[in-house]
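The following exercises concern a single protein chain. Each task is followed by a solution in steps.

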Amino acid sequence: MTRKTGNVLLAARMSAAGLKQHELASRLNDHIESLTGRPGSLQDRHIRNYLTGNTRWPHARQRIALEREFGCSAEELGFIPRQRSAPPDNIRAAPVERRDFTQRAAVIAATVVLPPGRTTVGISDVRRVGQALASLYRQECRVGGTARIEAQLLTWMRHALSLLDSGRASARVRSMLYAAAANAASTAGWAALDSRNQQRAAHHLDRAVTLAGLSGDADAMHRVWNNVAILAGQRGSLIESLHASQAVRDAGMARRDPLYASQAHARIALAHSRLSDKRSALRALGHAEDALARADLSHRPTWLAFYDHAELHGLAGIVHHRLGRAEPAEARIHQALALLSPGFTRNRVYYTAQLALAQLGQCDIEAACATADRALATAGTAPGSRRIVSLLDDFRRQLAAHPASHAQDWLQRTAKGTPSP
C-alpha cells in the first residue's frame, strides 16, 4: 500500500498567499460558481484532505478552481494524477499548457518570498513584482480579461503583501510594495470588468483603493479611480461614474502630467455622454485633446501604454456615438483604427465593433455588416473580453430592427456563431 504524504507544495503556496483553510475553500467555491453557475460546496475538511494527502487528485472542477486561484497546474500544486499516462482532460488543451509554461514559472517565483538568511526587502524585490505585473498587463491587452490572468495578478498582489511581512523594508520600499499590490488588484479589477463580472471587479477595486491609499502613490490612485469610474458606468451608476472621473482629474497625477490629465478628461467626456450632456461632453473632449498635445508620449508606464492619439480618437468616437452624432463617430473611429498599434488586438476588435455601430447609426447597412464581419473574424483573439461580445450583441439587436434584406441575411448567416450576453 502506498503511504500518503502531506502536500507540502500546496501548503507552501497557501502560506505565501496568507490563506487559511476556510478562506481557500471560500475562494475555490467562488471559482466553481463562475465556471458552472452554481456555488461550490467545498469546506475546511476538503482543504485539509488536500493538505494531508488523503485527496491526491481532486475532481475536475476542483482542480480547475485551484489552478485559477494559484495560476498554475494541479501537478505544480502537489497533486498526483491517477494515471500519468492518461491523456489530459478535454478542458485543458495541450497547446494552452505549452503557451502558459513561462507564465506558470513566473507564478512559482511569486511563492518565494525571501531567500533563506535574508531579512531585508529591497528594490530588487519590488522590481521583480513590477516586471511580472507588466508582463501580465501586456498579455491582458492582447487577449482580454481572462480568469487566468486575473488569478495571476491576485497571486502577485498577495506576494507583494507577503514581502511586507517577511522582512525589514525602508519607507520607500514599503510604499512601492503597497503601490505594486494596488496596481495588481486594480488590473485584476480591470480584467474582471473586461469580462463583465462586476461583482468580482468591485471586490478587487475595493482592495485596490485601500492599498493605493496606504502606498501614498499618486499613479496608483489615478489608476484605481479610473477603473472605479468604469465600473460605475457599467453598473449604470452614471452620476457616480462622473464623480469618480472628476476625482481622477483632480488627483495629483493629472495636475502634474498632461498625459494623465488627458485620460481623466476623456473619462469625464464619456461620463457626460452617458448623461446626454452634449456641451459638457464635447468641452471635456477638447480638454483631453489639448492635454494630449502637450504630453510626452515617449515616457509612459506600461499600464498607460495604450493611451495615445489612437485611443483618444476611439474614445471620442464613442462619445460622439452616444450623443447621436454617427458621422463624426465613424470618422474618429476610422482614425483610431488607422493609428492603433499592432499589439493591441483586443482594442482593435473593440473599435471595429464600435465602427460597425456607428455605420449602422447612419443606416449604412452593407458597410456595417462588412465591418461587423471583420470584428467577428478576429474576436476569437480576445477570448476574455465580454465587452466585445456585448458590443456585437448590441449590433445584432439594432440590426434586427432594419427590414433591409441585407440585414436579415447577415443575421441569419451569423446566428449560430454569435455568442449571447
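The structure shown is a predicted model, and every solution below rests on values computed from it.

**Exercise 1. Overall composition**

Task: Establish which secondary structure elements the chain contains, and what share of its residues is buried.

Solution.
Step 1. Count the elements: the chain has 21 helices and 0 strands.
Step 2. Turn to burial: 52% of the 421 residues count as buried.
Step 3. Consider the surface, where the chain exposes about 19700 Å². Carbon and sulfur atoms supply 51% of that area.
Step 4. Examine the contacts with a separation of 6 or more: residues 24 or more positions apart account for 66% of them.

**Exercise 2. A salt bridge between H2 and H4**

Task: Locate the partners of the salt bridge between Arg27 and Glu69, and decide whether each is buried, partly exposed or exposed.

Solution.
Step 1. Recall the principle: side chains of opposite charge can pair when their charged atoms come close.
Step 2. Check the distance: the side chains of Arg27 and Glu69 meet at 3.7 Å, N to O, and a salt bridge requires the nitrogen to be within 4 Å of the carboxyl oxygen.
Step 3. Place the partners: Arg27 belongs to helix H2 (residues 21-36) and Glu69 to helix H4 (residues 60-70), 42 residues apart, so the pair links distant parts of the chain.Step 4. Compare with the cut-off: buried means under 20% relative accessible area. Glu69, at 4%, is therefore buried, whereas Arg27, at 26%, is partly exposed.
Step 5. Extend the picture: Arg27, Glu69 and Arg158 are linked in a network of salt bridges.

**Exercise 3. Two further salt bridges**

Task: The whole structure holds 8 salt bridges. For the pairs Arg346 with Asp194 and Arg332 with Glu289, state which helices are joined and how the partners are placed with respect to the surface.

Solution.
Step 1. In the pair of Arg346 and Asp194, the closest N and O atoms are 2.6 Å apart.
Step 2. Arg346 lies in helix H18 (residues 345-361) and Asp194 in helix H9 (residues 171-194), so the salt bridge ties together parts that are 152 residues apart in sequence.
Step 3. Both Arg346 and Asp194 are buried.
Step 4. In the pair of Arg332 and Glu289, the closest N and O atoms are 2.7 Å apart.
Step 5. This pair also links distant parts of the chain, with Arg332 in helix H17 (residues 326-339) and Glu289 in helix H15 (residues 278-294), 43 residues apart.
Step 6. Arg332 counts as buried at 15% relative accessibility, and Glu289 as partly exposed at 30%.

**Exercise 4. The surroundings of Asn347**

Task: Determine whether Asn347 is buried or exposed, and which residues it contacts beyond its neighbours within four places in sequence.

Solution.
Step 1. Asn347 is placed in helix H18.
Step 2. Its relative accessibility is 9%, and Asn347 therefore counts as buried.
Step 3. Apart from those sequence neighbours, Asn347 is in contact with Phe306, Glu311 and Leu340.

**Exercise 5. The largest pocket**

Task: Describe the volume of the largest pocket, the residues nearest its centre and the makeup of its lining.

Solution.
Step 1. The largest pocket holds about 890 Å³ of space.
Step 2. Its lining comprises 38 residues, and those nearest the centre are Trp190, Ile230, Arg267, Tyr350 and Arg387.
Step 3. Several helices supply at least two lining residues each, among them H9, H18 and helix H20 (386-400). The largest share, 7 residues, comes from H11.
Step 4. Sorted by class, the lining has 16 nonpolar, 13 polar and 9 charged residues.

Definitions and conventions: Residues are numbered from 1 along each chain as its sequence is written. This is a predicted model: local features need pLDDT of at least 70, side-chain atom pairs count only at pLDDT 80 or more; totals for chains, interfaces and linings use all residues. Side-chain values use heavy atoms; hydrogens and water are left out. Helices (H or I, at least four residues) and strands (E, at least two) are DSSP runs, numbered from the N terminus. Buried means under 20% relative accessible area, exposed over 50%, partly exposed in between (1.4 Å probe, protein chains only). Contact means heavy atoms within 4.5 Å. Accessible areas come from the Shrake-Rupley method with a 1.4 Å probe; for residues, only the protein chains shown count as cover. On a 1 Å grid over the protein atoms alone, a cavity is a set of points where a 1.4 Å probe fits but cannot get out, and a pocket is an open set with protein on both sides within 12 Å along at least five of seven lines; lining residues have an atom within 4 Å of a point. Grid points are joined across faces, edges and corners, and a volume is the space filled by probe spheres set on the points. Ala, Val, Leu, Ile, Met, Phe, Trp, Tyr, Cys and Pro count as nonpolar, Asp, Glu, Lys and Arg as charged, and the others, Gly among them, as polar.
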